[in-house]
Amino acid sequence: VTTTVLDRAVRVPVAGVEHPGPSAICRIGLLGLGNVGSAFARLARDPSASFAAVGFTPAVAAALVRSPAKPRGSDLAPLITDDREAFFAEPVDLVVEALGGVDPAFTLVSRALARGIPVVTANKSLIAAHGDELSRIARRHGTALRYEAACMAGVPFLGTFERRPLAARASGVTAILNGTSNYILSALAAGGGSFAGALADAQRLGYAEPDPSMDISGADAAEKLTILIRLFGRLVVEPARIPLDAIAEVDGEDMSAAAAWGGAIRPLARAAWRDTAIRAHVGPAFVGGTHALAHVAGVSNGIVIDAERGTQCYIGPGAGPEVTAATLLDDVAEVVTERRVRTPACPVVEAATAVTVPDSAWFLRLGGALPSDIADLLGSYGIWCTRLERRGARVYALTCSATPARIHAALDAVRAATGADAAGVPAIVEEASC
Ligand code: NAP
Ligand code: HSE
């Protein structure tokens, strides 16, 4: 199914003619005028982001918000309302959604698509929960749905792989998908204050979700990971089925110990699939210094795709109102300037059956009254260490590959036998195969 948006905007380039002619106005209905929505409204009217060269001028015509009386920057939109009917009464060419959450975003986005109005969204909760259904509505009504900003907001790659199914054949991904948690862990690694202080900074900078527990619990990354599993693995899985560990389980001392071994602790999202079985995990993990994601710090995101044609890696800005707004506006430009606007057909996807945590090496932290033969003690529970070092009151260890069940049983046994504190996170290291 194809449709044409803003026909007047589509211009055939003529050799030697620099100006493509007057721009068509693209009237945009904006759902949400928070961190992302207001950055989008500012960028849309910023002359330096002009799309005149491709023949259109974005103009925010109306914005739907929860509290219209809230003080906001001036001139963000001619109409700012909490009345859905007033919003939908405005003639718009395209809707940009930056509300967050599943409801009422799903209702409002479906309503726009069902009227044939293209939608561009940054909302990964919405796409993780209802992406297929919304794509079907878009195709049925001959219009476009784009969500490049929903995953790794400043790294344009989702749409590319959606339109290239052979390139998207992959067996797994390893990624940093949440900018806020990477920002917090990087601040702790730099000795830059407390967890709470770093989270407050991430909120002030507009990186965090409206509910920041989504960031620090790993739930936001899990939503993004399910979008990637669907794209690269052709498997549908609910975000709630992805096993999560919160980044609050690690502290500055752990970060220093990781750095002393040339690596870093990063908020990793991993998935690998075979037939309909998935091995997946979101949580803090030790990343060895030679891994592509070891030096992806701050609000940056990165992904390593185990593609059939060879490993591919993308790194770039992961969050922030300005980068997100720019990606949204690029999606708008793509929808407006493509003469035949397609919502890619949903590929054949299957429901995932099992979802289990992958085996890996482990980075262990042991504290308290530890016996001198702690390596032997771990060995007696089937856990073999490739590195072990005392740092102050703690001992850190890197282990060979072990199942999550085995490592947790061993740590439980060490705690019971010695009264020591014992915790571990997965480790992505080359020495794992011992
Ligand atoms: P935000 O600052 O909390 O803004 C949300 C906006 O939506 C506000 O304007 C709010 O109205 C409005 N809103 C919320 N619920 C509403 C409802 N029921 N009815 C009408 N309006 C409602 O959130 P944000 O940080 O901009 O994030 C928006 C979306 O972008 C989320 O899906 C997020 O995951 C996604 N995203 C964010 C980033 C980032 O770096 N922050 C990056 C990529 C994607 P009021 O202003 O009146 O409260
Ligand atoms: N809160 C999200 C993050 C925004 O920090 O990654 C980008 O999706």
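Around ligand 1 stand 26 residues, of which S67, K70, K124, E209 and G320 are the closest. The model is predicted. Ligand 1 sits in the largest pocket, and ligand 2 sits in the largest pocket as well. That pocket has a volume of about 1,200 Å³. A second largest pocket and one cavity of 30 Å³ or more complete the list of spaces covered here.

**Ligand 1**

- The backbone makes two of the contacts listed here: an N or O atom of N35 lies 2.9 Å from an oxygen atom of ligand 1, and one of V36 lies 2.8 Å from an oxygen atom of ligand 1.
- A side chain takes part too: an N or O atom in the side chain of K124 is 2.7 Å from an oxygen atom of ligand 1.
- Taken alone, ligand 1 exposes 900 Å². The protein buries 89% of that area.
- The shell around ligand 1 holds twelve nonpolar, nine polar and five charged residues.

**Ligand 2**

- The shell around ligand 2 has 13 residues. Those that come nearest are T180, Y207, E209, D215 and K224.
- E209 is named among the closest residues to ligand 1 and among the nearest to ligand 2.
- Two contacts involve nitrogen of ligand 2. A backbone N or O atom of Y207 lies 2.7 Å from a nitrogen atom of the ligand, and an N or O atom in the side chain of E209 is 2.7 Å from a nitrogen atom of the ligand.
- On the oxygen side, a polar side-chain atom of K224 lies 2.8 Å from an oxygen atom of ligand 2.
- Ligand 2 taken alone exposes 250 Å², and the protein buries 93% of that.
- Two elements give two or more residues to the shell around ligand 2: α6 (179-189) and α9 (219-233).
- By class, the shell around ligand 2 comprises four nonpolar, four polar and five charged residues.

**Largest pocket**

- The volume of the largest pocket is about 1,200 Å³. Its lining counts 49 residues, and G34, A98, L99, G100 and P210 are the closest to its centre.
- Helices α1 (35-44), α4 (124-140), α6, α8 (213-217) and α9 each supply at least two lining residues.
- α1 gives the most to this lining, with three residues.
- The lining of the largest pocket divides into 20 nonpolar, 17 polar and twelve charged residues.

**Second largest pocket**

- About 470 Å³ is the volume of the second largest pocket.
- Its lining has 28 residues; G131, D132, Y147, E162 and R230 lie nearest the centre.
- α4, α5 (158-162), α9 and β8 (235-236) each supply at least two residues of this lining.
- The largest share, eight residues, comes from α4.
- Of the residues lining the second largest pocket, 17 are nonpolar, five polar and six charged.
- α4 and α9 supply residues to the second largest pocket, and α4 and α9 also supply residues to the largest pocket.

**Cavity**

- A search of the whole structure finds one cavity of 30 Å³ or more. The largest cavity holds about 80 Å³ of space.
- The largest cavity is lined by 15 residues, with S181, G218, A221, P267 and V282 the closest to its centre.
- Elements that give two or more residues to the cavity lining are α8, β9 (264-274) and β10 (277-287).
- β9 gives the most to the lining of the largest cavity, with three residues.
- The cavity lining divides into nine nonpolar, four polar and two charged residues.
- α8 supplies residues to the cavity lining and also to the lining of the largest pocket.

**Backbone features**

- D103 and P104 are joined by a cis peptide bond, with omega about 10 degrees.
- P104 is found in the loop between β4 (94-97) and α3 (105-114).
- R234 has a positive phi, near 60 degrees, in a residue other than glycine.
- R234 lies in the loop between α9 and β8. Both α9 and β8 supply residues to the lining of the second largest pocket.

Key: Residues are numbered from 1 along each chain as its sequence is written. Chains are lettered from A and ligands numbered from 1 in the order in which they are written. This is a predicted model: local features need pLDDT of at least 70, side-chain atom pairs count only at pLDDT 80 or more; totals for chains, interfaces and linings use all residues. Side-chain values use heavy atoms; hydrogens and water are left out. A residue is near a molecule or strand if one of its heavy atoms lies within 4 Å of it. A polar contact is a pair of N or O atoms within 3.5 Å; within protein, one must be able to donate a hydrogen and the other to accept it, and residues adjacent in sequence count only if both atoms are side-chain atoms. Accessible areas come from the Shrake-Rupley method with a 1.4 Å probe; for residues, only the protein chains shown count as cover. On a 1 Å grid over the protein atoms alone, a cavity is a set of points where a 1.4 Å probe fits but cannot get out, and a pocket is an open set with protein on both sides within 12 Å along at least five of seven lines; lining residues have an atom within 4 Å of a point. A molecule sits in a cavity or pocket if more than half of its atoms lie within 2 Å of its grid points. Helices (H or I, at least four residues) and strands (E, at least two) are DSSP runs, numbered from the N terminus. Ala, Val, Leu, Ile, Met, Phe, Trp, Tyr, Cys and Pro count as nonpolar, Asp, Glu, Lys and Arg as charged, and the others, Gly among them, as polar. Grid points are joined across faces, edges and corners, and a volume is the space filled by probe spheres set on the points.
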